[in-house]
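Hello,

Here is the structure I promised to pass on to you. Please open it alongside this email, and then read on for what was found in it.

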Amino acid sequence: MEKLQWNDNLSVGVELIDSQHKKWIEYYNSAAGALHSMQGSARIASTLGFLIDYTEEHFATEEKHMQEHAYPGYEDHRAIHQELRRTLSGLVEDYEEDGVTNPLVDSIDTFLRNWLINHIIEIDMKFGAYLEEEGISLSE
Ligand SMILES: [Fe+2]
């Protein structure tokens, strides 16, 4: 399994969001790593749990700032987050029901990583550009 790695092309130009994306990549890598090496189920469950919790924290941060700064793309962006929230909880349900299966590992490998990268490049960048245009900087 290839680990995801942060690079400057992923920067949305907002320190707070970039640092959360970096952290998300770390959590992603440990969840994917635990699944691939078929580590004990307690470890897999906890890495998936961290990934989900952190995703929620990160989305909540983005959504809070989009609302606070009257971002016109808020509704669309939030709808996209909702979709990923559903997908992630579906993955956890699959895991809880069937344990580690090939489709689960594939979803983590392809869907999640592509989702992350595309989301950052296409969707989060727009929000970053908006903040820059408006001269807004985020603190927390
Ligand atoms: Fe986002």
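**The iron site and the helices around it**

H119 is buried, because its relative accessible area is 5%, and buried means under 20%. Please keep in mind throughout that this is a predicted model.

H119 is a good place to start, since this residue is one of the protein donors of the iron ion. The donors are E62 through OE, H77 through NE2, H81 through NE2, H119 through NE2 and D124 through OD. They lie 2.1 to 2.3 Å from the iron ion. If you would like to find them along the chain, their spacing in sequence reads E-x14-H-x3-H-x37-H-x4-D.

Let me turn to D124 next. This donor is found in helix α4 and is buried, with a relative accessible area of 1%. What does D124 touch, once its neighbours within four places in sequence are left aside? The contacts are V12, H21, H58, E62, H77 and H119. Of these, E62, H77 and H119 are also iron donors. For a sense of distance, take D106: 18 residues separate D106 from D124 in sequence, and their C-alpha atoms are 25 Å apart in space.

Now for the way the helices pack. Two packed helices are described by the angle between their axes and by the distance between those axes.

Helix α2 covers residues 41-68 and helix α4 covers residues 102-133. Their axes come within 14 Å and cross at roughly 15 degrees. Angles under 35 degrees count as roughly parallel, and α2 and α4 are therefore roughly parallel to each other. The crossing in which α2 passes α4 is left-handed. On the α2 side, the contact is made by L48, L51, H58, F59, E62, H65 and M66, and on the α4 side by I108, L112, W115, H119, D124 and F127. By class, this contact of α2 with α4 has 8 nonpolar, 3 polar and 2 charged residues. The iron donors E62, H119 and D124 appear in this contact too.

How do α3 and α4 pack, and at what angle? Helix α3, residues 74-98, meets α4 at an angle of about 165 degrees, and the axes are 12 Å apart. Angles over 145 degrees count as roughly antiparallel, so that is how α3 and α4 run relative to each other. Here too the crossing is left-handed, as α3 passes α4. From α3 come H77, I80, H81, L84, T87, L88, L91, D94 and Y95. They meet L104, S107, I108, F111, L112, W115, H119, I123 and D124 of α4. The residues of this contact of α3 with α4 divide into 11 nonpolar, 5 polar and 2 charged.

Finally, have a look at the loop between α2 and α3, where you will find both A70 and Y71. Is A70 buried or exposed? A70 counts as exposed, at 58% relative accessibility. A70 also has a positive phi of about 50 degrees, although this residue is not a glycine. Y71, by contrast, is buried, with a relative accessible area of 11%. Not counting residues up to four places away in sequence, Y71 touches M66, H77, K126, F127 and Y130. With Y130, the separation is 59 residues in sequence, but 7.5 Å in space from C-alpha to C-alpha.

I hope you enjoy looking through it.

Best wishes

How values were computed. Residues are numbered from 1 along each chain as its sequence is written. This is a predicted model: local features need pLDDT of at least 70, side-chain atom pairs count only at pLDDT 80 or more; totals for chains, interfaces and linings use all residues. Side-chain values use heavy atoms; hydrogens and water are left out. Donors are N, O and S atoms within 2.8 Å of the metal (3.2 Å for Na, K and Ca); water is not among the atoms, so sites may look incomplete. Buried means under 20% relative accessible area, exposed over 50%, partly exposed in between (1.4 Å probe, protein chains only). Axes are lines fitted to C-alpha atoms, for helices over the stretch in contact, and angles run from 0 to 180 degrees between N-to-C directions. Helices (H or I, at least four residues) and strands (E, at least two) are DSSP runs, numbered from the N terminus. Angles under 35 degrees count as roughly parallel, over 145 as roughly antiparallel, 65 to 115 as roughly perpendicular and the rest as oblique. A crossing is left-handed if the near helix is turned anticlockwise from the far one by less than a right angle, and right-handed if clockwise. Contact means heavy atoms within 4.5 Å. Ala, Val, Leu, Ile, Met, Phe, Trp, Tyr, Cys and Pro count as nonpolar, Asp, Glu, Lys and Arg as charged, and the others, Gly among them, as polar.
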